[in-house]
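Colleague: I have some questions about this structure. Show it to me, then take me through the helices, sheets and cores.

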Amino acid sequence: MSPRRLAGLVVLALSAGAAPAHAAVPDAIRVGGPSAPSDSKVAIVASARPLVGRAFTVRDAGGRLVLAGRLRAVRGTPAPWAHAAAADLSRVRAPGRYVVRVGGVRSRPWVVQADVREAAVRRLLRVFAVNADGTEPNPVYGPAHLNDAIVRGGPYDGQRFDLTGGWRDAGDFLKFAQTTGWAVSYLHLAAQLDPGNADALRLTAAVGERWLLKAHPRPGLFVGIVGDARDHETGFRDPAADDADTRQGVGIRYAYPTVSTEVLGEAAAGLAWAAADTTGPARDVFLAAAREWYEQARATNAKIRPTDPNLSDFYPDSYIHDDLAFAADALWRATGEARYLDEAAEQIRAGDVNELYGGIVVGAPRPLVGADLCGGLGRPAAPDPAIRELACHDVQVELADIRNLTARTAFGSPGIFTFGWIQDNGGRGVAAAAAARAGQAPDGLRIAAGARDYMLGRNPWGLSFVVGPAAVEAHDPHHSAYLKGSPRRLLDGAVVGGVATPRDLAGQDPPIRLSRTPARRYDTRRLVYEDVRSDYVTSEVGLAYSAAALLLAGSL
């Protein structure tokens, strides 16, 4: 395994190049779902010849005709096909399984179910238990990494602190304050939007919260990472065996302090959202810790990259204002103190939304800040009219970007196609749904449903980027769970990286070479995907991936 790099990749040529656009591929109908009865439902018919205006039919599991219509034009590239058209199935509202037909081409079943949101959230939650570390309950692994950790660098260098527990970040065993903060925040925001699963979401978030409290064991000591390249690159193994491993940095792992504003801000946000969702003494503990992480983030006010040779910049991000705004917003929600609301607005004004890499893919949660303060995430909008107007304007700017991104491809993903696309797809889908709830976007829920459907199969490959037993789901994820049995069973509901670009694979060290799988015929010169364990760009499981997908499901 090599370090994950989400931006600034070196452009190299792949020896196994992606298939050219418009290659000879069979006509196909790509569908998403499962969907709620009221969701937007659009199937994409991809073909060698233009089909706009042709008839389509929808039949239920018994073969009964339930809908007939005409294909309409759709924006965006149809690659790898020459043409694409859309069949609007939104009038199909009764729960059941439905098949779309155009001429002799038929889709796989599109499922409509009444409890789709609740079922999706419960399924997507499972991976958090599988990635639980230390003595936190884990259905697959025994206790692991019970020696965490010895501080590496700074005034506490060489001292050991209890940093056991928390979540392993992805298919590897590192633990990050940054992604733990993201996940805790998203879980609490999802709980606000999905009351039926709120208890389960908050109980899951508690694993990350307990670890974030440990990650600030002394004044001035904020741990950003536990583990490093020596742990990351030693290959698949049972984490429970690590404690007996004599290799440096594996059996006894290192903890690396951070003063990076983005890391501190994301941890502060997670703790503050936990405080906003908690009462009693626990709230006071979360709030005190959140304030300390936040004040350190403000004091640093800079992006600081790792200097230790054993560390990579796993989640690079050039922006800090969004992280500070996210933390300030959460602290305002937790305390009601006007100071934090003013500071959230200050950070929104300090950053330029048009310069952001976008979405939430590299830790840029600005769309969530605007959505929350505009009243789109389940809480009332900011009471200050000027701040509310600022936030809602931010939502509109982000929404314009989302619409443009969604229209790039006929299949309709709002995410930026790069390493970690799945997280951006979920984050922008959440922002679109929030804009709809805030009264800012009549098309917001349609865009959000499209983001979900692209993730679940309405994409060129016709494959879901969620691990599971179904034929179209991911079967070979980059995760050590395969050592314990069938990964499609043990990791059911986990989310993999999904779509990437050839340069994302070529920019890894060493470059990743695509395998010869049947799905490769749907690759283009710009986009690739493979369900292959060795390809950690497209197939690695990630907490931030799952958390963004889970929040998207809760938003719908």
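Modeller: A definition comes ahead of your questions. Helix axes are lines fitted to C-alpha atoms over the stretch in contact, and angles run from 0 to 180 degrees between N-to-C directions. The model is predicted.

Colleague: How are α5 and α7 oriented to each other?

Modeller: α5 covers residues 261–276 and α7 covers residues 321–335. Their axes cross at roughly 20° and come within 8 Å. Angles under 35 degrees count as roughly parallel. α5 and α7 are therefore roughly parallel to each other.

Colleague: Which residues of α7 does α5 meet?

Modeller: α5 passes α7 in a left-handed crossing. The α5 side includes Gly265, Ala268, Ala269, Ala272 and Trp273. On the other side, α7 supplies Asp323, Leu324, Phe326, Ala327, Asp329, Ala330, Leu331, Arg333 and Ala334.

Colleague: How are α10 and α11 oriented to each other?

Modeller: α10 is residues 385–406 and α11 is residues 421–437. Their axes lie 10 Å apart, at an angle of about 125°. That value is outside the ranges for roughly parallel, perpendicular and antiparallel, so the rest class applies. α10 and α11 are therefore oblique to each other.

Colleague: Which residues of α11 make the contact with α10?

Modeller: The crossing of α10 past α11 is left-handed. From α10 come Val395, Glu398, Leu399, Asp401, Ile402 and Leu405. From α11 come Arg428, Ala431, Ala432 and Ala435.

Colleague: In the open sheet with antiparallel pairing, which are the edge strands?

Modeller: Four strands make up that sheet, in the order β1-β2-β6-β5. β1 joins β2 through three antiparallel bridges. β2 (residues 42–47) joins β6 (residues 83–88) through six. Pairing on one side only marks the edge strands, β1 (28–30) and β5.

Colleague: What is the bridge partner of Ala46 in β6?

Modeller: Strands β2 and β6 run antiparallel. Ala46 of β2 is also the bridge partner of Ala28. In β6, the partner of Ala46 is Ala84.

Colleague: Which residue of β6 stands opposite Arg72?

Modeller: β5 is residues 72–73. Two bridges pair β5 with β6 in the antiparallel sense. Opposite Arg72 stands Ala86.

Colleague: Where in the β3 and β4 hairpin is a positive phi found?

Modeller: β3 (residues 55–60) and β4 (residues 65–70) run antiparallel, joined by five bridges. Ala55 stands opposite Arg70 in β4. Four residues lie between the two strands. The positive phi, about 85°, is in the turn, at Gly63.

Colleague: Why is one side of β10 and of β11 left without a neighbour in the sheet?

Modeller: The strand order in this open sheet is β10-β13-β12-β11, with mixed pairing. β10 (150–151) and β11 (175–176) stand at the edges. One side of each is left without a neighbour because each has a single partner strand.

Colleague: Which residue of β13 stands opposite Val226?

Modeller: β12 (residues 223–226) and β13 (residues 254–257) run antiparallel. Three bridges join them. Opposite Val226 stands Ala255.

Colleague: How many residues are in the largest nonpolar core?

Modeller: The residues with the most contacts inside this core are Phe128, Trp293, Leu373, Trp461, Phe465 and Leu550. A second, separate core of 18 residues includes Leu51, Ala87, Val100 and Val102. The count for the largest core is 155.

Colleague: Is Thr204 buried or exposed?

Modeller: Thr204 sits in helix α3 (residues 198–214). Beyond four places in sequence, Thr204 is in contact with Leu125, Phe128, Trp167 and Leu187. Its relative accessible area is 16%. The cut-off is under 20%, so Thr204 is buried.

Colleague: Is Asn310 buried or exposed?

Modeller: Asn310 lies in the loop between α6 (281–300) and α7. Not counting residues up to four places away in sequence, Asn310 touches Asp228, Ala229, Arg230 and Tyr256. The relative accessibility of Asn310 is 19%. With the cut-off at under 20%, Asn310 therefore counts as buried.

Colleague: What separates the C-alpha atoms of Asn310 and Asn138?

Modeller: Asn310 and Asn138 are 172 residues apart along the chain. In space, their C-alpha atoms are separated by 28 Å.

Definitions and conventions: Residues numbered from 1 in each chain as written. Predicted model: local features only at pLDDT ≥ 70, side-chain atom pairs only at ≥ 80, totals over all residues. Heavy atoms only, no water. Core = buried A, V, L, I, M, F, W, Y, C linked by side-chain atoms within 4.5 Å. Buried < 20%, exposed > 50% of the residue type's maximum accessible area, 1.4 Å probe, protein only. Pairing = 2+ DSSP bridges. Contact = heavy atoms within 4.5 Å. Parallel < 35°, antiparallel > 145°, perpendicular 65-115°, else oblique. Left-handed = near helix turned anticlockwise from the far one by under 90°.
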